[in-house]
Amino acid sequence: MRVAPIGLYFEDKGYTTAEIDMIGAEAAALTHGHELGYIPAAMLVHIIHLLSHHSNMSVLDAVENAKKAMRALFPHAEHINRLIKLTDTAIKLSKNNEINDLDAIYELGEGWVAEETLAIAIFCSIK
């Protein structure tokens, strides 16, 4: 939540999207040094940046773009696959009308860690 303004602010300020994402990761890493603390922050910055500066972008498109961007930005991250898998689960659950929303959220986690919180937000936003 603390990095959300980064995705809003840096448009037309001479930064690439990857640089903006990294600013988000570095801001989060000040207090959350684990990969699954700062990479989800970078992913959130990426999603917010796309959605706030590209009017034709859907949430699903922004999330899919963010997954690719995180793999490119953090290619050697030990936990990137967990984040991507949880994101894919959030997308899949958001399209499943046979599961209760609350049950779907519980399947994503309790939201005490960044990757679960981001997955829940993605689920809710797409749903």
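**View 1. The largest pocket of the predicted model.** On a 1 Å grid over the protein atoms alone, a pocket is an open set of points where a 1.4 Å probe fits, with protein on both sides within 12 Å along at least five of seven lines, and lining residues have an atom within 4 Å of a point. The largest pocket has a volume of about 470 Å³, a volume being the space filled by probe spheres set on the points, which are joined across faces, edges and corners. Its lining comprises 20 residues, with M1, R2, G37, A41 and A114 nearest the centre. This is a predicted model, in which local features need pLDDT (the predictor's confidence in each residue, from 0 to 100) of at least 70, side-chain atom pairs count only at pLDDT 80 or more, and totals for chains, interfaces and linings use all residues. Residues are numbered from 1 along each chain as its sequence is written, and side-chain values use heavy atoms, with hydrogens and water left out.

**View 2. Helix 3 (residues 35-53).** Helices are DSSP runs of H or I with at least four residues, numbered from the N terminus. Of the 19 residues of helix 3, 15 are buried (under 20% relative accessible area, 1.4 Å probe, protein chains only), so the helix is largely enclosed by the rest of the structure.

**View 3. The tilted pair of F74 and Y38, after the edge-to-face pair of F10 and Y15.** Rings of Phe, Tyr and Trp (its six-membered ring) pair if their centres lie within 6.5 Å, with planes under 30 degrees apart counted as stacked, over 60 as edge-to-face and the rest as tilted. F10 and Y15 are edge-to-face, at 4.9 Å centre to centre and 80° between the planes. The ring centres of Y38 and F74 are 5.9 Å apart with planes at 55°, so this pair is tilted.

How values were computed: Helices (H or I, at least four residues) and strands (E, at least two) are DSSP runs, numbered from the N terminus. The expected span of a helix is 1.5 Å times one less than its number of residues. Buried means under 20% relative accessible area, exposed over 50%, partly exposed in between (1.4 Å probe, protein chains only).
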